[in-house]
Amino acid sequence: MLRLLRLLLVLLVLSCHASSIAASKEGEADDVPASEATPKKAEECNNPDDKPPLITKEELEKYNGKIKDEKIYLSILGDVYDVTKGAQYYAEGSGYHVFAGKDGAVPFISGKFDDEEAEKSTDVLKDGELFSLKGWVDFYRDEERYPFLGKLIGRYYDSEGNPTEEMDRIKQRWADYVPPVRKKRRKPKQADKSTVKDAQKTDTKNGAKGA
């Protein structure tokens, strides 16, 4: 009987200890800073009641890839991503450094990787070029290495996170764009066998006459 009581006491102590650990972990999770929380994907922030964080141009410029081992951010059409895991592409001295710390859409299409090109509006792009830009937007949205951070206040989103007129124009042009249908190349017609034989006979006769 005494052994049974001791066993029950041990089980009770273990149960209380496990509950204490679980409560402690829950408290730690609640204390995690927003900047260290798991970022949401862009498509998870479509609920009006769950708007993504808003980021200013000044905040974005801090993460421009010029300081070694610091985070690197970029924005494309107002969607901000953490591209630190691709530092070999976006850090200072790398080929895509022009995109770090700013929103530069046009260079993705023009291939001119300089600050002047990055400042240009998407209005300079033709419909087909703008539609190609959508492919880059989709790339960053789906790339797991580059977490979505929020919306950039400026050209494409206002201070409340609502799309601007330029963003509305972009979406409308995407919706209206119809990719051109490529014409299939026609295979050359094969000559009829009888026609080939007649031609050969004619050549033979002409050759005999010439001889």
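Biologist: Happy to have you here! What covers the buried residues of H7?

Modeller: This is a predicted model, so let me work from its atoms. The buried residues of H7 are Glu 166, Met 167, Ile 170 and Trp 174. What covers them includes H6.

Biologist: Seen down the axis of H7, within what arc do its buried residues fall?

Modeller: The buried residues of H7 line one face of the helix, and the face turned away from them carries the exposed residues Glu 165, Ala 175 and Asp 176. The one-sided placement follows because the buried residues fall within an arc of 105 degrees.

Biologist: How far does H7 reach from its first C-alpha to its last?

Modeller: H7 has 12 residues, and 16 Å is the span expected at 1.5 Å a residue. The model comes close to that expectation, with a reach of 16 Å.

Biologist: Which element gives the most to the largest nonpolar core?

Modeller: That core holds 27 residues, and Ile 76, Leu 77, Val 83, Leu 133 and Tyr 140 touch the most other members. Elements that give two or more residues to this core are strand E2 (73-76), helix H6 (127-142) and helix H7 (165-176). The top contributor, with four residues, is H6.

Biologist: Leaving aside neighbours within four places in sequence, which residues is Leu 133 in contact with?

Modeller: Leu 133 is among the core members that touch the most others. With its neighbours within four places in sequence left aside, Leu 133 is in contact with Ile 76, Leu 77, Ala 105, Phe 108, Ile 109, Thr 122 and Leu 125.

Biologist: How many residues are in the second, separate core?

Modeller: This second core includes Ile 55, Tyr 73, Val 80 and Leu 149. Its full count is six residues.

Biologist: Why is strand E4 largely enclosed by the rest of the structure?

Modeller: Strand E4 covers residues 148-152. A residue is called buried when its relative accessible area is under 20%. E4 is largely enclosed because the number of its five residues that are buried is five.

Biologist: Does the pairing of E3 and E4 run in the parallel or the antiparallel sense?

Modeller: E4 has two partners to consider. Strand E1 (residues 54-55) pairs with E4 in the parallel sense over two bridges, and Leu 54 stands opposite Lys 151. Strand E3 (residues 79-82) pairs with E4 over three bridges, with Val 80 opposite Gly 150. For E3 and E4 the sense is antiparallel.

Biologist: What is the relative accessible area of Ile 72?

Modeller: Ile 72 lies in the loop between helix H2 (57-61) and E2. Not counting residues up to four places away in sequence, Ile 72 touches several residues, including Tyr 63, Tyr 81, Val 83, Tyr 90 and Ala 100. Ile 72 is buried, because its relative accessible area is 3%.

Biologist: How far apart in space are Ile 72 and Gly 101, C-alpha to C-alpha?

Modeller: In sequence, Ile 72 and Gly 101 are 29 residues apart. In space, C-alpha to C-alpha, the separation is 6.9 Å.

Biologist: Zooming out, what share of the residues in the protein is buried?

Modeller: The secondary structure comes to eight helices and four strands. The accessible surface is about 15600 Å², of which 53% belongs to carbon and sulfur atoms. Of the 211 residues in the protein, the buried share is 27%.

Definitions and conventions:
Residues numbered from 1 in each chain as written. Predicted model: local features only at pLDDT ≥ 70, side-chain atom pairs only at ≥ 80, totals over all residues. Heavy atoms only, no water. Core = buried A, V, L, I, M, F, W, Y, C linked by side-chain atoms within 4.5 Å. Buried < 20%, exposed > 50% of the residue type's maximum accessible area, 1.4 Å probe, protein only. Contact = heavy atoms within 4.5 Å. Pairing = 2+ DSSP bridges. Expected span 1.5 Å × (residues − 1). Arc of directions from axis to C-beta. Areas by Shrake-Rupley, 256 points an atom, 1.4 Å probe, with all protein chains shown as cover.
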